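Open the model in your viewer and keep the selection tool handy. We will go from stop to stop, with something to pick out at each one.

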Amino acid sequence: MIIILSGCSNRNDSPSNGYAIEENQQENKATYPYVVHTESSTWYLAKDDIALLGEEDYYAGLTEILEDMEQDFADARAALAGYIYEDIPPVDIFTDFCGKAGISETAGAYYNERSNFIKLFDGWDTAKETLLHEYVHYLTMHCTKTPTTEGFWAEGIAEYISKIVCKNRMLRSTNMGFSDDVPVI
């Protein structure tokens, strides 16, 4: 475990997918001591979540998400081309698997429209199921001249794009509670 943690603070070490885990230099570094930058996102990794899951499982789950996330996010941007801006800034993503935010009792994740970030609850399997949906909210509420913010329309578009239009590799990577004997259709 010490080896994993020591690798987290070194900019040259990275998980198997090639993304470097860096020390957070922002104001929130006490709660989120580490960050990961990808083309489409900046991840803030919660100290309490790492302790909750254990370093090895926490970083293994992050690696699984990152393996599919960039392609899923690119698919969503392509599906919304013409409606969203051409240049999309990276979205901030925070983990809160310990459920410190009140909304964690009723949601697996959410996009905060006012502060412009995604927060993930419950763990990596829930993140795989919800992250693309929340990213579509980010695109349709923050990255367009005509935001879609009304409940039914915003949720309908996010569900349609993330579950029907896009392949959603992150979601498909979960076994949804089925045993390994059940064939995938």
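The tour below runs from the strands through the core to the surface.

**Stop 1: the strands around E6.** Keep in mind that this is a predicted model. Select strand E6 (117-120) and look at its side chains. Phe117 and Lys119 point one way, while Ile118 and Leu120 point the other way, and all are buried. In a regular strand, side chains alternate between the two faces of the sheet.

Now add the partners of E6. Strand E4 (91-95) runs parallel to E6 and is joined to it by 4 bridges. To find your place, pick Ile93, whose bridge partner in E6 is Ile118. E5 pairs with E6 in the antiparallel sense, also over 4 bridges. Here a good pair to select is Ala109 and its bridge partner in E6, Leu120.

Follow the chain from E5 to E6 and you pass through a hairpin with 4 residues between the strands. Stop at Asn116, which takes a positive phi near 60°.

**Stop 2: the largest nonpolar core.** Select Trp43, Leu45, Leu131 and Tyr135: of the 40 residues in the largest nonpolar core, these touch the most other members. Strands E2 (34-37), E3 (41-45), E4, E5 and E6, together with helices H3 (55-79), H4 and H5 (151-165), each supply at least two residues of this core. Which element gives the most? Helix H4 does, with 9 residues. In soluble globular proteins, nonpolar side chains tend to be buried together.

Zoom in on Tyr135 and show its surroundings. Leaving aside neighbours within four places in sequence, Tyr135 is in contact with Ser40, Phe73, Ala76, Arg77, Ile88, Val91 and Ile118. You have met Ile118 already, as a buried residue of E6.

There is also a second, separate core of 8 residues, including Val35, Tyr44, Phe94 and Phe117. Phe117 brings you back to E6, where Phe117 and Lys119 point one way.

**Stop 3: His133 in H4.** Next, select His133, in helix H4 (residues 124-142). Is His133 buried or exposed? With 7% relative accessibility, it is buried. Not counting residues up to four places away in sequence, His133 touches Glu155, Ala158, Glu159 and Ser162.

**Stop 4: out to the surface on H5.** Finish with Tyr160, which sits in helix H5. Its relative accessible area is 47%, so Tyr160 counts as partly exposed. Add Ile164 and Val165 to the selection: with Tyr160, they make a nonpolar surface patch of about 310 Å².

Note on methods
Residues are numbered from 1 along each chain as its sequence is written. This is a predicted model: local features need pLDDT of at least 70, side-chain atom pairs count only at pLDDT 80 or more; totals for chains, interfaces and linings use all residues. Side-chain values use heavy atoms; hydrogens and water are left out. Buried means under 20% relative accessible area, exposed over 50%, partly exposed in between (1.4 Å probe, protein chains only). Contact means heavy atoms within 4.5 Å. A nonpolar core is a set of buried Ala, Val, Leu, Ile, Met, Phe, Trp, Tyr and Cys residues joined through side-chain atoms within 4.5 Å. Patches are made of residues with over 30% relative accessible area and no salt bridge: like charges are joined within 9 Å, nonpolar side chains (Val, Leu, Ile, Met, Phe, Trp, Tyr) within 5 Å. Accessible areas come from the Shrake-Rupley method with a 1.4 Å probe; for residues, only the protein chains shown count as cover. A salt bridge is a side-chain nitrogen of Lys or Arg within 4 Å of a carboxyl oxygen of Asp or Glu. Two strands pair if DSSP finds at least two bridges between them.
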